Structures are given as C-alpha cells and as structure tokens.
Amino acid sequence: MREHAKPYRAGPRKSSGSRKKKAVNLTIDADLLAEAKAAGTNLSNVLETALKEQLKQQRWQKWREDNRAAIEASNAQLERDGLWFEPDWLRK
C-alpha cells in the first residue's frame with residue numbers, strides 16, 4: 001500500500017465530529033456527579049447513550065400501540081384459519 005493511500009473501510013464511516021453538539025444545563029444529584037467525575041465518566045456520552053436507548057424504547061412502544069389493532073386482527077385470523085401453508089415438518 002502506498003504511504004498516502006487511505007485504507008479500505010467497509011460500510012459507512014462514523015465520525016464523532018459529524019453531528020452538531022449543543023451545550024445544555026442539567027440538574028443532577030451532587031454526590032452522584034462527584035462520584036461520576038472521580039470515576040472519569042464522560043457525562044455527555046452517558047446521557048447520549050441513555051437518551052438513544054430511551055427514545056428507541058419509546059418509538060417501539062408507539063409502533064406497538066399504533067399497530068395493536070392490526071396485530072390483534074392478524075393473530076385472530078391465524079387462530080381462526082390457521083397457517084396459509086403448513087410444512088410437513090410442522091404437522092403433528
């Protein structure tokens with residue numbers, strides 16, 4: 001490989017600097033903050049990770065609520081009519 005050539009990377013590149021960051025003020029328990037600082041915890045990373053997970057869970061819950069009727073109808077049809085195709089290995 002030539003010295004100035006960049007190595008091949010599969011998949012999309014993730015750059016930590018590609019997203020715009022915004023400073024915010026938060027209120028947190030003083031003892032908890034002191035312990036986190038003493039442990040070298042990056043509060044911004046912890047908050048971002050926790051928020052991503054929380055939002056993922058909320059989106060999943062909303063999807064389930066929005067699609068509850070369709071899921072219940074599909075389950076009822078499956079119970080009433082059975083599978084549209086039943087492979088030999090699944091038969092009793």
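**Close-up views of a three-helix model**

The protein exposes about 9,700 Å², and carbon and sulfur atoms supply 54% of that area. Please keep in mind that this is a predicted model.

**Figure 1. The whole chain, an all-helical run of α-α-α from the N terminus on.** Here is the overall layout to start with. The protein has 3 helices and 0 strands. Of its 92 residues, 2% count as buried.

**Figure 2. The stacked pair of Trp 60 and Trp 63.** A search of the whole structure finds 2 aromatic pairs. In the pair shown here, the rings of Trp 60 and Trp 63 lie 5.5 Å apart, centre to centre, with 5° between their planes. That angle is under 30 degrees, so the pair counts as stacked. Where do these two residues sit along the chain? Both belong to helix H2, which spans residues 43-66, and because they are 3 residues apart there, about one helical turn separates Trp 60 from Trp 63.

**Figure 3. The surroundings of Trp 60, a partly exposed residue.** Now for the solvent side of the stacked pair. Trp 60 has a relative accessibility of 46%, so it counts as partly exposed. Its partner Trp 63 is also partly exposed, at 43% relative accessible area.

**Figure 4. The tilted pair of Trp 84 and Phe 85.** In this view the ring centres of Trp 84 and Phe 85 are 6.0 Å apart, and 45° lies between the planes. Are these two residues buried or exposed? Trp 84 and Phe 85 are both exposed.

Key. Residues numbered from 1 in each chain as written. Predicted model: local features only at pLDDT ≥ 70, side-chain atom pairs only at ≥ 80, totals over all residues. Heavy atoms only, no water. Phe/Tyr/Trp six-rings, centres within 6.5 Å; stacked < 30°, edge-to-face > 60°. Helix = DSSP H or I, 4+ residues; strand = E, 2+ residues; numbered from the N terminus. Buried < 20%, exposed > 50% of the residue type's maximum accessible area, 1.4 Å probe, protein only. Areas by Shrake-Rupley, 256 points an atom, 1.4 Å probe, with all protein chains shown as cover.
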